[in-house]
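Q: Could you walk me through the charged residues and the internal spaces here?
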Amino acid sequence: MSAPELILAASAGAVSLAICAILWALAQRGQANERVKALRAELTALEARAEAAMASAEAFDSALLAVEDGKAMLASGDESFAACASALGIQSSDAQALVGALMRADPDHARRLRALFERGEPCAFEVRGVKGVVSVEGRAAGALAWLRLSAVLGEEAGLPTAPRFAAFLDAKPGPAWIANADGTPVWANRAWLQAVDAASLTEAQRRRASFDKGADALASEAANLGQRRETVRWVTVAGRRRAFQILAQPLEGGGVGVWADDVTETEELKEQLKRSDAAHDDTLNHIADAVAIFSHGKRLTFHNTAFAELWGLEPAWLAEQPSHAEILDRLRQRRRLPETADYGKWKAAELDRYEALGAAPDELWSLPDGRTLRVVRQPHPMGGMLLLFSDITGELKLKAQYNALIQVQQATLDKLNDAVAVFGSDGRLRLHNEAFERFWNVTPQQLDAAGDFEGVVELCIPRLHDMQFWRELKGRVADPDPSARAPMSGEVKTSDSRIVSYQSRPLPDGATLIGFTDITDARRLESALAARSAALAEAERLKRDFVGNVSYELRTPLTTIIGYSELLERSGENLSERGRGHAAAVRAAATQLARSIDDVLDMAQIDAEEMALDVEDVRVGELMETAAERWRREAEAAQIGLKLEQPDDIGLIRGDARRLGQILDHLVENAIRQTPPGGEVTVSARRALGEIQLQVADTGRGIPFHVQAHIFDRFIGRERGGPGLGLALVKALTELHGGWVALESEPGHGATFTCHLPEAAHAESASARELEF
């Protein structure tokens, strides 16, 4: 092809290409114009929808916030946004600041907002600010999170929103729901769903489940009548039958609100109260006393059968619940009330008792027909008054007869010379005669105050110290076993040297009679007759001579032995250590023998009533210190602690200092011998009720119970020699001062000897005659 042809062909191609390009551009422009028209139409629709959303937000006083990637912006509701910011106390108009304030208001709010922003979980809550409440509802749409905020200011700030109120009802423990006019539920709380065993209201409606058909009928009735309805229904819930108080209230705008409160315990208590009242009434109808209960309005609300029978009132008239005043008037007409000069005043006083707060004292009514009634008035717990009438006519008659019989018995006992007392089966003192008071040197007031056997024994102990005797006698009185209440008799000696014959006799009513007779004169006469016998007199003389001669004959060689043994102990190196030990043993044995001889002589003097006390003022403290010094060396040798305890004001005692020291010596010696190494002996004294108590206590092995009864008997063998007269001499010397000695001991826990000495002893005090042989 030639060059012109090539140029022409190229030109034709270029023109064709340009025409095609122009045609394609025209086609594209048409499509673009159509797209622009569609976009403009869509933009117009969006603007209309945005304006509608903003108008709806403004109409309902709410602000709409859009949150994307944690950034918040106000979408609509400028005025509502300003109101919410004002309610929260925020000056800024920035949406981000408002969201931050919502998150700072409560940790739970922050958690819910983060769940909305991060995971799209919806939320709804309220935030209370300084000037009001902001209601927040959150929803997610695509990548945006939307928050709708509503501010409640002024008086409406305290009113909950619908979701909040629904949550409040949902938390109620009892079932609550909203029903239609036909009674079917349209909303229910969690408790209702649990009661019908449904996961949701939709499921319950599908199954046509109902909490109670009666409750549905009640809701329908309340809706149709437009009035509140209430009833109590028993419903089976979770397999147990329970009582619910159902309340149906028509709501504004339609529907009925229904509440169900569990009143099972209340209903059960009501039923129990009814049964209790019925049992109470039945019990009162079976008692013999007349009972009447009046209400706070002074009308009869209850009476038992005995009340109608006592007053002869018609049951039909009483069933009409007459007033208290009407009952009094009818009784006065029939002359069944106490006679009084001013009935009006008496009646007014009776009716005024309703105003009293406490129980009135019992009163006796003497009726014209000769009956005597005891009237008891008490305020009733439910209001009003309870009256109880007891016919005590027969009781008073029996009481008068009983008192007359007691007076005859008392007069009979007072004529007896023997001391007589009668104790009931409970150990109480029922009767005693005047001879009993003289015998034990007590007053009627003291016996009345003592009351029982133990109290009477306390009054008698100063004259009779033998507690074993009183324990045996108590067994005859108080032991419920009939075999233990067998008669008992015997003789006993008192501290004032009287010989008493006693006997106990059980009585048919369970009481016990105890009698005491002073037979001292008879026994003394017998002793005097025996003493006059020549043989006894000669034997007594020979005994005294023998004791005196033997004591004299023994004292001389003992003095020599003691002297030479002391000389040998002091001989120094001329005698070996073993020899000096033997000499010390000889001296100790001789000294012990000398003291035993002295004890025998003292006991012989006491037996012969020839010992006289050299009475003087004795300082008790010096007496105790002297005795302790005498035995301190022996206590230290035995590795025993010796301690003194005495008050600073122990003072003086009238007595024989030598004999009192002898008493302490024997008690301390006995305590040291009974106490193992490492133990302790305590010598103490105290003043109490006109006497001085000298006490020696040890921490030794104690005294067996079977030995304690004979511990003060003479010639009781001892572990370390001696005739066993120490404790017997203690008892004799104490009683020679007018006192007495007591022992308290428990095996394994030591022993305590207490000498009760009067503050003023007398030289002519009687000796301990029970030591005679």
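**Salt bridges and cavities**

A: Glutamate 363 and arginine 353 join their side chains in a salt bridge, at 3.4 Å from N to O. The model is a predicted one.

Q: Where do glutamate 363 and arginine 353 lie?
A: Glutamate 363 is in strand E13 (residues 363-366) and arginine 353 is in the loop between H13 and E13, so the pair ties together parts that are 10 residues apart in sequence.

Q: Which residues are linked with them in a network of salt bridges?
A: The network links Glu350, Arg353, Glu363 and Arg377. Within it, arginine 377 forms a salt bridge with glutamate 350, and their closest N and O atoms are 2.8 Å apart.

Q: Are arginine 377 and glutamate 350 buried or exposed?
A: Both arginine 377 and glutamate 350 are buried.

Q: How many salt bridges does a search of the whole structure find?
A: The search finds 35 salt bridges.

Q: New topic: how many cavities of 30 Å³ or more are there?
A: There are four in the whole structure, and the largest has a volume of about 80 Å³. Its lining includes Glu350, Trp365 and Phe389.

Q: Which element gives the most to that lining?
A: H12 gives the most, with four residues.

Q: What about glutamate 691: which side chain of opposite charge is nearest?
A: The nearest is arginine 686, 7.4 Å away; glutamate 691 is buried yet has no salt bridge.

Q: Which side chain does glutamate 691 join in a polar contact?
A: Histidine 756 is the partner, in a polar contact of 3.0 Å between the two side chains.

Note on methods
Residues are numbered from 1 along each chain as its sequence is written. This is a predicted model: local features need pLDDT of at least 70, side-chain atom pairs count only at pLDDT 80 or more; totals for chains, interfaces and linings use all residues. Side-chain values use heavy atoms; hydrogens and water are left out. Buried means under 20% relative accessible area, exposed over 50%, partly exposed in between (1.4 Å probe, protein chains only). Lys and Arg count as positive and Asp and Glu as negative; His and the chain ends are not counted. A salt bridge is a side-chain nitrogen of Lys or Arg within 4 Å of a carboxyl oxygen of Asp or Glu. A polar contact is a pair of N or O atoms within 3.5 Å; within protein, one must be able to donate a hydrogen and the other to accept it, and residues adjacent in sequence count only if both atoms are side-chain atoms. On a 1 Å grid over the protein atoms alone, a cavity is a set of points where a 1.4 Å probe fits but cannot get out, and a pocket is an open set with protein on both sides within 12 Å along at least five of seven lines; lining residues have an atom within 4 Å of a point. Grid points are joined across faces, edges and corners, and a volume is the space filled by probe spheres set on the points. Helices (H or I, at least four residues) and strands (E, at least two) are DSSP runs, numbered from the N terminus.
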